[in-house]
Amino acid sequence: MKDFNRTELRFSLCGLNCGLCSMRMGGYCPGCGGGPGNQGCAIARCARQRGGVQFCWECPEYPCPRYEGFDDGDSFVPHRNRQQDIAQVQKLGLEAYLAQMEEKGKVLDVLLDQYNDGRHKTMFNTAVWLLPLEELRAVITALESQPEQRDQPVRERALAAAALLEEAARRRGVSLKLNRKKKKG
């Protein structure tokens, strides 16, 4: 599988949003088909067997049985929206979708640079991943409209940001808690 390569590494074969993945952002994973990353992925093997499709939705068998229960667990990075993200890519087009993800990445940068107290990194990453861009924009606007926040200790700023993100998630019916995948058998 060492010769498995893809041209678009910001969005995986299966719908995982690699552009926002903390492993990729930290330089720990090049994304599927981007070098020595997860070359053993069953979906990557499947794509090779089907002529090297760049995204699962290009396959005539999509959605295949691999997608049953696919988004039920997200113990590492929020995986629960992959099929929704694929639908968004199909609706908007890949470039427009990736532009939105780039903006989400900038929101995450602001949260991590100005509001992270060392205890909220995962929560901020999860919120950026799961909340719609308009909600994230509203949170940043609300935080920036409170100039007194800038003088607060980072712990207080982190709590304010977390509270606004939790409220946005509640409005949308989104849980920012990670779901453990149920063990088989």
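A cavity is a set of grid points where a 1.4 Å probe fits but cannot get out, and its lining residues have an atom within 4 Å of a point. With that in hand, here are some close-up views of this predicted model.

**View 1. The whole chain is built from helices, with no strands.** Before zooming in, a quick orientation may help. The secondary structure comes to seven helices and zero strands, and along the sequence this reads as α-α-α-α-α-α-α. Of the 185 residues, 42% count as buried.

**View 2. One cavity of 30 Å³ or more turns up in a search of the whole structure.** Rolling a probe the size of a water molecule over the atoms shows where empty space is left. The largest cavity has a volume of about 120 Å³. Its walls come from Ile43, Cys46, Ala47, Arg50, Val53, Cys56, Cys59, Glu61, Tyr62, Cys64, Arg66 and Tyr67. By class, this lining holds nine nonpolar residues, three charged ones and no polar ones.

**View 3. Helix H2 lines up its buried residues on one face.** H2 covers residues 42-49, and Ile43, Ala44, Cys46 and Ala47 are its buried positions. Look down the helix axis and these buried residues fall within an arc of 160°, so they share one face of H2. The general rule is handy here: an α-helix has 3.6 residues a turn, so residues three or four places apart point the same way. Ile43, Cys46 and Ala47 also appear among the residues that line the largest cavity. Just past the end of H2, Gly51 adopts a positive phi of about 85°.

**View 4. Phe55 and Trp57 form a stacked ring pair.** A pair of aromatic rings is described by the distance of the centres and the angle of the planes. The model contains five aromatic pairs. For Phe55 and Trp57 the ring centres are 4.5 Å apart and the planes meet at 10°; planes under 30 degrees apart count as stacked, so this pair is stacked. Phe55 is buried, with a relative accessible area of 6%, and Trp57 is buried too, at 19%. Ring pairs join both of them with Phe11 and Tyr97 in a cluster. Phe55 has a charged neighbour as well: Arg6 lies over the face of its ring, at 5.1 Å from the ring centre.

**View 5. Tyr62 and Tyr67 meet edge-to-face.** Here the ring centres are 5.1 Å apart and the planes stand at 90°, so the pair is edge-to-face. Tyr67 is buried, with a relative accessible area of 5%, whereas Tyr62 is partly exposed at 22%. Both tyrosines also belong to the lining of the largest cavity.

**View 6. The second largest pocket has a volume of about 390 Å³.** Among the 21 residues that line this pocket, Asn81, Asp85, Lys104, Leu130 and Pro132 are the closest to its centre. Helices H3 (82-92), H4 (94-114), H5 (121-130) and H6 (133-144) each give two or more residues to the lining. Which helix gives the most? That is H4, with four residues. The lining of the second largest pocket divides into eight nonpolar, seven polar and six charged residues.

Key. Residues numbered from 1 in each chain as written. Predicted model: local features only at pLDDT ≥ 70, side-chain atom pairs only at ≥ 80, totals over all residues. Heavy atoms only, no water. 1 Å grid on protein atoms, 1.4 Å probe; cavity = no way out; pocket = protein on both sides within 12 Å on 5 of 7 lines; lining within 4 Å. Points joined across faces, edges and corners; volume = space filled by probe spheres on them. Nonpolar A, V, L, I, M, F, W, Y, C, P; charged D, E, K, R; others polar. Buried < 20%, exposed > 50% of the residue type's maximum accessible area, 1.4 Å probe, protein only. Arc of directions from axis to C-beta. Phe/Tyr/Trp six-rings, centres within 6.5 Å; stacked < 30°, edge-to-face > 60°. Lys NZ or Arg CZ within 6 Å of the ring centre and 35° of its normal.
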